[in-house]
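I am opening a notebook page on this model, and I want to write down, entry by entry, what I looked up and what came back.

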Amino acid sequence: MKTTDTATPGVETPGPSGGSGPMVTKTVAPAPRKDSKSEGGVLNVFSHGVLIIWAIMVVMPLLWAVMTSFKTDRAIFTSPWSLPDTLHFENWSRAWSQAHMSDYFMNTIVVVGGSLIGTLLLGSMAAYVLARFDFPGNRFIYFLFIGGMSFPIILALVPLFYVMQNMALLNTPHGLILVYIAYSLPFTVFFLTAFFRTLPTSVAEAAFVDGASHTRTFFQVMLPMAKPGLISVGIFNFLGQWNQYLLPTVLNTEQDQKVLSQGLVQLATSQGYKGDWSGLFAGLVMAMLPVLAAYIIFQRQVVAGLTAGAVK
């Protein structure tokens, strides 16, 4: 009779009686290598160091812009890296009222809000059909959307201008909303098509068995299940549309219809030799705060939406 323990392979020891009893073979597990532990520790320290440096590079300009928005113009040039002696909130009030940042802010909210709702609604419906139904031309339509992602928007500016002019949509909020929706649809359909493919089909089939129509199944069953993906692509579209400058510069030239990016550029270029730098930094922080707030609030959903398609 032999018993096997965990010891070094090939080492035999006498039995319990110490004599001619049965031999007991022990197998000793190899001790963990110290080299692997040290290599893992070095790699961990290196990765954390890179992340810390990256965080400093990202956060420092933001903090410097916020700090500069509370300084006077003289303090900005004489001591750009020092903290403000007193908080000059009049910079913010001057940028909000005299520089018309309030008007630009409201115009941007209307345009981006309308285009974001339209992009998510149309993009989710198109992505659901492309992901769940097989019909002639399915792949062709899908690759048309993919091709739209690679088409440079600058090549479409001149024909887009004349199309908008012929349709009487220039310098109108709804015209800019339609352009933003068309600009954001390719990426939205591409992202949500892959996301809808990861959702279980059994839930939709159960809804059909219960007598639900395709419309009800989409809006009441599948769309709530796609909430992480909708939030993720919504954040990306919000960032792109909020910071959009080229399209409104060409298609939105009326002073009372300008958006926030146009207002910031006008505030920077219309100062001449005078320069209201404190007001400019205050307006810059105003334009930056909604983006930061949206990402901070929905950061968990963004990560969940990006990783949901990795595991079925």
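Before the first entry I fix my terms: a residue is buried under 20% relative accessible area, exposed over 50%, and partly exposed in between. I also keep in mind that this is a predicted model.

**Entry 1: backbone angles**

I began with A168, which sits in the loop between α6 (157-166) and α7 (173-198). Its phi is near 60 degrees, a positive value in a residue other than glycine. I noted this because most residues other than glycine have a negative phi. Is A168 buried or exposed? Its relative accessibility is 58%, and since the cut-off for exposed is over 50%, A168 counts as exposed.

I then looked up H100, which is not a glycine either and has a positive phi of about 60 degrees. H100 lies in the loop between α3 and α4, and because its relative accessibility is 39%, between the two cut-offs, I entered H100 as partly exposed.

**Entry 2: the chain as a whole**

I counted the secondary structure next, and the chain comes to 14 helices and three strands. Of the 312 residues in the chain, 35% are buried. The chain exposes about 18,900 Å², and carbon and sulfur atoms supply 70% of that area. For contacts with a separation of 6 or more, I wrote down that 65% are between residues 24 or more positions apart.

**Entry 3: the nonpolar cores**

Which residues have the most contacts inside the largest nonpolar core? This core has 27 residues, and the ones I was looking for are W92, M101, F238, W242 and L260. The elements that give two or more residues to the core are α3 (90-97), α4 (101-132), α10 (227-242), α12 (260-269) and α13 (277-297), and α13 gives the most, with nine residues. Apart from this core I found another, of 17 residues, among them L157, V179, Y180 and L251.

I followed W92 further and, leaving aside neighbours within four places in sequence, found W92 in contact with S69, F70, A282, V285, M286 and L289.

**Entry 4: two residues of α10**

Q241 is found in helix α10, and with a relative accessible area of 3% Q241 is buried, because the cut-off is under 20%. Not counting residues up to four places away in sequence, Q241 touches V112, S115, L116, T119, Y180 and S184. One of these, Y180, I had already listed in the core of 17 residues.

L239 is also found in helix α10, but with a relative accessible area of 25% L239 is partly exposed. I looked up its C-alpha distance to V291 and found 6.7 Å in space, although the two are 52 residues apart in sequence.

**Entry 5: aromatic pairs**

How many aromatic pairs does the structure hold? I recorded 17. For F77 and W277 the ring centres are 6.3 Å apart and the planes stand at 80 degrees, so I entered the pair as edge-to-face. F77 lies in helix α2 (residues 73-78) and W277 in helix α13, so this pair ties together parts that are 200 residues apart in sequence. F77 is exposed, with a relative accessible area of 57%, whereas W277 is partly exposed at 36%.

The pair of Y142 and F143 has its ring centres 5.6 Å apart and its planes at 65 degrees, so this pair is edge-to-face too. Y142 is buried, with a relative accessible area of 9%, while F143 is partly exposed at 48%. I also noted a cluster in which ring pairs link Y128, F133, F196, F218 and F219.

**Entry 6: a nonpolar patch**

My last look was at the surface, where I52, I53, W54, I56, M57, V58, V59, M60 and L63 form a nonpolar patch with about 910 Å² of accessible area together. I picked out M60, which lies in helix α1 (residues 34-68), and recorded M60 as partly exposed, with a relative accessible area of 45%. Beside this I put a general remark, that in soluble globular proteins nonpolar side chains tend to be buried together.

Conventions:
Residues numbered from 1 in each chain as written. Heavy atoms only, no water. Patch = residues over 30% accessible without salt bridge, like charges linked within 9 Å, V, L, I, M, F, W, Y side chains within 5 Å. Areas by Shrake-Rupley, 256 points an atom, 1.4 Å probe, with all protein chains shown as cover. Salt bridge = Lys/Arg side-chain N within 4 Å of Asp/Glu carboxyl O. Helix = DSSP H or I, 4+ residues; strand = E, 2+ residues; numbered from the N terminus. Buried < 20%, exposed > 50% of the residue type's maximum accessible area, 1.4 Å probe, protein only. Core = buried A, V, L, I, M, F, W, Y, C linked by side-chain atoms within 4.5 Å. Contact = heavy atoms within 4.5 Å. Phe/Tyr/Trp six-rings, centres within 6.5 Å; stacked < 30°, edge-to-face > 60°.
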